[in-house]
Structures are given as C-alpha cells and as structure tokens.
Amino acid sequence: FDLGFRQANVAAAQAARSRAEAGLARTRFELGIITADTFLTLLAAQETVRAGQAGVDRTEVLVRIVDALVRSELRPGAELSRARAEQAAARTQLIRAEQSVAETKAVLAQLLGIEPAQVAALPGNLLSLPADVEGAAEGLANNPIAQEQNAAVVEARARLKAVERSFYPRFNLQGAAYARGSGALANGATLGGLNGLGPSVQNWGIGFTATFPLFDLPAIRARENVQSASMRAESSRYDLVLTELSGKVNAAKASLEGARRVAMNTPIQVEAARATVRQITARYEAGLGTIVEVADSQRLLTQSEIDDALARLSVWRARLVLAAARGNLQPVLQEASR
C-alpha cells in the first residue's frame, strides 16, 4: 500500500478522460452552432433569390410598357435602353444571389457530410418572427465550453494531488516459495520410477519493505509548484470563460432586441415601397413621370423585400447566438421546427 499514491494517479487519469469527453461535447456543440448559422445563411440567400426574381419580373413588365410607349412614339428610345439596363442589372443581382445559394449549400453539405445536391433548406417557422418570450436562463456553468474548462481545472487538481502523494512512503509485503523435485539424493544416487516428477524439496520466505523517496524531495517540490501554478492558471481561465460567456449573453440580448425592432419596421417599409411603385408606374404610363423614377422605385422595393426577409432571419440568428452563449440550442431548434 502507498497511502493513496496509486489512487491519486487513477483519479488523474479519470480526470483526463473526463476532460477529453468534455472537449468532444464542446466540439459537437460548436459544430451544431456553425451548422445552424450556415442554415440561416442559406435561407437568407434563398430569400434574396426570391426577391431578386420578383425584381427581374418587375423590370420585364417595365420593359414591355416602355417598349409599347416607344413604338407609339410617346417616349424617346433612350428610355427603352434605360429600362433594359435596369433589367440587366436586376438579372445580375439575381445571378449573384443564386451563386451565394450554391456556395452556401456547398458549405452546409460539407458540414453534414453529404453532396450539395442533397441539401434542401426548408424554412419551417424561420421566415416568421419568433415569439417574444425570454427563454429560461441556463446556468453559464452548464455551457459545454465552461464544462470543458472546468474539467481542465479538475484534471489539474487531480494531477497536483498525485504529485503530492508521490512523496509518501510506500510499503510492500513480499513473499516467495520454492520447490524442486529432481529425483536425486544427496549421496549421488537417483531414485527410479516416477520419482522426481513432483516437488519433494520446498522452501519459502516472507518480508516487508518500506521505501521513502527522501532525496527526491527537491524535485517533487518543484513539480508541485509547477502543477499548482497550472491549477491556478486553469482556474483563472475558467473564471475568464464565465465572464466572456456572460458578456456574450448580454450582447446577444441587445442584438436580439435591436433585430426584433428592425423586423417590426421592415413590413412598413415594404408596403410603402410597393405603394410607391404603383403610383410612380401609373404616373409614368400617364406621361407624368420619368423612367428614372420608376427604376428607382423598383430597386427600392426589391431591396425592401430583401431587408424584410433578412430582418426576420436576423432575429432568429440573434436567438441562436443567445442560445449558444447559454449553452443550450434545443429551445431554438424546437421553436424553429414547430
């Protein structure tokens, strides 16, 4: 027996295993955050494509209107060129949005381990505003990042205890047994038959030893100092992790509040932009407006529709960031998939 030296080393090994498991959990948690964020990015790109396609459709209608007016010699031909330029610009915007969708699908497919063609982003409830309900505050100590660092503290403490126990004396009970059977006698004669197959001469011994690493004391003290400093560093790092998580929670709450206010304002912007397009288009057809006014109003409407979709997704993204800081993504995932 060694006064707990072996047990301390076993505890240190178990603490190292627990830290490795906590690291695995933290990696999975962070991968889940990245995947969810990429999914929101894909939805944003798809909504941009949808709004871009609507913008292209509006420019095509505008081209037909201007073409009819130019053929009737009610408008100069330069306005038809301007309308076609706006149409080309809208198509360029759409192509870039489609490219963004393809690139984001490739990233999401890499995270999921599948082919990009297999990726299909179904929005669920993510295109509507989430309920304005404050989720239950999770203890920051339950965050996988904090749990991993806490496991590092526990491991450092266990290793320090193992180093401290290495200076304790160790006691050993030792025993030996001996037997022989050769069939030979002391006078040189040998026994015949089956004699010699079994042990006929036995002996035994027992002893008790104690070892004490007296001359290893300076080295052990130095290892203790190193391990003690490591434990203090890990503890300070754990406090820093909790402080950073608390700051992320507060920042996420502020971001969520701002995103929600923006998302409540963008529908007003969209309706106003649609009314503007209708009015200016009517004035243009009546000969009271210019092609520049119509083009500007259509671009404003397209951008307003994009902003409206992205504003709702920004609320969900802020919810995701808040859930990530608290260390539990399940409430957000469940609400999004209802």
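Leu-242 is partly exposed in this predicted model, because its relative accessible area is 23%, and buried would require under 20%. Leu-242 belongs to helix 4. Beyond the residues up to four places away in sequence, Leu-242 touches Leu-140, Ala-141 and Ala-146. Gly-139 is 103 residues from Leu-242 in sequence, yet the two C-alpha atoms are 9.9 Å apart in space.

**Helix 4 and helix 1**

Helix 4 covers residues 217-285 and has 69 residues. From its first C-alpha to its last, helix 4 reaches 97 Å, close to the 102 Å expected at 1.5 Å a residue. Just after helix 4 comes Gly-287, with a positive phi of about 85°.

Helix 1 covers residues 5-71 and has 67 residues. Its end C-alpha atoms are 98 Å apart, which agrees with the 99 Å that helix 1 should span at 1.5 Å a residue. Glu-73 follows helix 1, and the phi of Glu-73 is positive, near 60°.

How do helix 1 and helix 4 lie relative to each other? Two packed helices are described by the distance between their axes and the angle between them. The axes of helix 1 and helix 4 come within 16 Å and cross at roughly 10°. Angles under 35 degrees count as roughly parallel, and helix 1 and helix 4 are therefore roughly parallel to each other. On the helix 1 side of the contact are Arg-19, Ile-65, Val-66 and Leu-69, and these meet Glu-234, Thr-281, Tyr-284 and Glu-285 in helix 4. By class, this contact has four nonpolar, three charged and one polar residues.

**Three residues compared by accessibility**

The table sets Leu-242 beside two residues of helix 5, which covers residues 291-326.

| Residue | Helix | Relative accessible area | State |
|---|---|---|---|
| Leu-242 | helix 4 | 23% | partly exposed |
| Arg-319 | helix 5 | 11% | buried |
| Thr-302 | helix 5 | 7% | buried |

Which residues does Arg-319 contact, leaving aside its neighbours within four places in sequence? They are Pro-130, Ala-131, Leu-256, Val-332 and Glu-335. Arg-319 counts as buried because its relative accessibility is 11%, under the 20% cut-off.

Thr-302, at 7%, is buried by the same cut-off. Leaving aside its neighbours within four places in sequence, Thr-302 is in contact with Ala-51, Gly-55, Arg-58 and Gln-93. One of these, Gly-55, is 247 residues from Thr-302 along the chain, and their C-alpha atoms are separated by 5.6 Å.

**Nonpolar cores**

In soluble globular proteins, nonpolar side chains tend to be buried together. In this model, the largest nonpolar core has 26 residues. Leu-40, Leu-42, Leu-126, Leu-313, Trp-316 and Leu-329 are those with the most contacts inside this core. At least two residues of this core come from each of helix 1, helix 2 (77-112), helix 5 and helix 6 (330-336). Helix 1 gives the most, with nine residues.

Leu-313 can be followed further. Apart from neighbours within four places in sequence, Leu-313 is in contact with Leu-40, Leu-43, Ala-44, Leu-126 and Leu-127. Another core, of twelve residues, lies apart from the largest one, and includes Leu-62, Val-70, Leu-80 and Ile-291.

Methods:
Residues numbered from 1 in each chain as written. Predicted model: local features only at pLDDT ≥ 70, side-chain atom pairs only at ≥ 80, totals over all residues. Heavy atoms only, no water. Helix = DSSP H or I, 4+ residues; strand = E, 2+ residues; numbered from the N terminus. Expected span 1.5 Å × (residues − 1). Axes fitted to C-alpha atoms, helices over the stretch in contact; angles between N-to-C directions. Parallel < 35°, antiparallel > 145°, perpendicular 65-115°, else oblique. Contact = heavy atoms within 4.5 Å. Nonpolar A, V, L, I, M, F, W, Y, C, P; charged D, E, K, R; others polar. Buried < 20%, exposed > 50% of the residue type's maximum accessible area, 1.4 Å probe, protein only. Core = buried A, V, L, I, M, F, W, Y, C linked by side-chain atoms within 4.5 Å.
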